[in-house]
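Before you read further, please take a moment with the sequence and the model. The notes after it are meant for someone meeting this structure for the first time.

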Amino acid sequence: MKLFTVSAALLLAALDLASATPAQPLARQAVVVTLEGAGPNPPSYTLTPSFDGSTFTIDNPLSVSHINVNTAEGICTFHGIDGANTTIISEGTEDVGPPQVQVSGRCCAFSCIGFPINCCG
Ligand SMILES: *[C@@H]1O[C@H](CO)[C@@H](O)[C@H](O)[C@H]1NC(C)=O
């Protein structure tokens with residue numbers, strides 16, 4: 001009987017987790033993306049994009065050499081003006097090759113990828 005109770009509680013907890021997932025707001029998470037130029041003391045700018053899979057445009061004219069994502073929230077892809085795509089999975093810094101102005105990006109939270117829906121498309 002005790003075992004049953006524990007199992008039932010775990011099952012209920014699992015169901016609760018599953019049903020709660022889609023309702024969680026995933027749009028605004030505290031993730032900072034830093035886009036950095038070249039040089040020993042490089043200029044940079046930051047973005048705080050939604051991690052909902054929507055494409056955002058970037059209008060900063062800085063030629064970007066490195067892109068850093070500061071937390072392990074999801075996958076971000078950036079598109080450069082000359083066609084380079086830079087993808088950062090989880091967190092870390094990726095080089096833009098060759099360095100170029102960034103025109104758009106898209107971030108998708110890990111919590112958004114897969115079952116029951118892939119809300120990042
Ligand atoms: C970059 O991504 C775009 C859109 O997904 C694609 O059309 C293009 O071919 C990619 N460029 C490179 C160099 O892979």
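The points below go from the overall layout to single residues.

1. Please keep in mind throughout that this is a predicted model. Its protein chain contains one helix and seven strands, and, when the elements are read along the sequence, they follow the pattern α-β-β-β-β-β-β-β.

2. Of the 121 residues in the protein chain, 20% are buried. If one takes the contacts between residues at least 6 apart in sequence, 60% of them join residues at least 24 apart.

3. Strand 7, which covers residues 92-109, deserves attention for its pairing, beginning with strand 3 (residues 52-57), to which four bridges join it in an antiparallel arrangement. Within this pairing, Thr-57 has Ser-104 of strand 7 as its bridge partner.

4. Strand 4, made of residues 63-69, is also paired with strand 7, in the antiparallel sense and over six bridges. Two positions help to locate this pairing by eye: Asn-68 stands opposite Thr-93 of strand 7, and His-66 stands opposite Asp-95 of strand 7.

5. Strand 5, residues 74-80, runs antiparallel to strand 7 as well, and seven bridges join the two. Here the place to look is Thr-77, which stands opposite Arg-106 in strand 7.

6. Strand 4 has a further pairing, with strand 1, which is again antiparallel and extends over four bridges. Thr-34 stands opposite Asn-68 of strand 4 in this pairing, and Asn-68 is also the residue that stands opposite Thr-93 in strand 7, so that a reader can use Asn-68 to pass from one pairing to the other.7. The largest nonpolar core has 14 residues, and those touching the most other members are Val-33, Phe-51, Ile-67, Cys-76 and Cys-108. Strand 1 (33-36), strand 4, strand 5 and strand 7 are the elements that give two or more residues to this core, and the largest share, four residues, comes from strand 7. As general background, nonpolar side chains tend to be buried together in soluble globular proteins.

8. Which peptide bond is cis? The bond from Gly-97 to Pro-98 is cis, with omega near -15°, and Pro-98 has its place in strand 7.

9. A careful reader may also wish to check Ser-90, a residue other than glycine whose phi is positive, near 65°. Ser-90 lies in the loop between strand 6 (85-89) and strand 7.

10. Is Ser-90 buried or exposed? Ser-90 is exposed, because there are 12 other C-beta atoms within 10 Å, and a residue counts as exposed if that number is 12 or fewer. The C-alpha atom of Ser-90 is separated by 8.2 Å from that of Cys-76, which is 14 residues away along the chain; Cys-76 is one of the residues that touch the most other members of the largest nonpolar core.

Definitions and conventions: Residues numbered from 1 in each chain as written. Predicted model: local features only at pLDDT ≥ 70, side-chain atom pairs only at ≥ 80, totals over all residues. Contact = placed C-beta atoms within 7 Å. Pairing = 2+ DSSP bridges. Core = buried A, V, L, I, M, F, W, Y, C linked by C-beta atoms within 7 Å.
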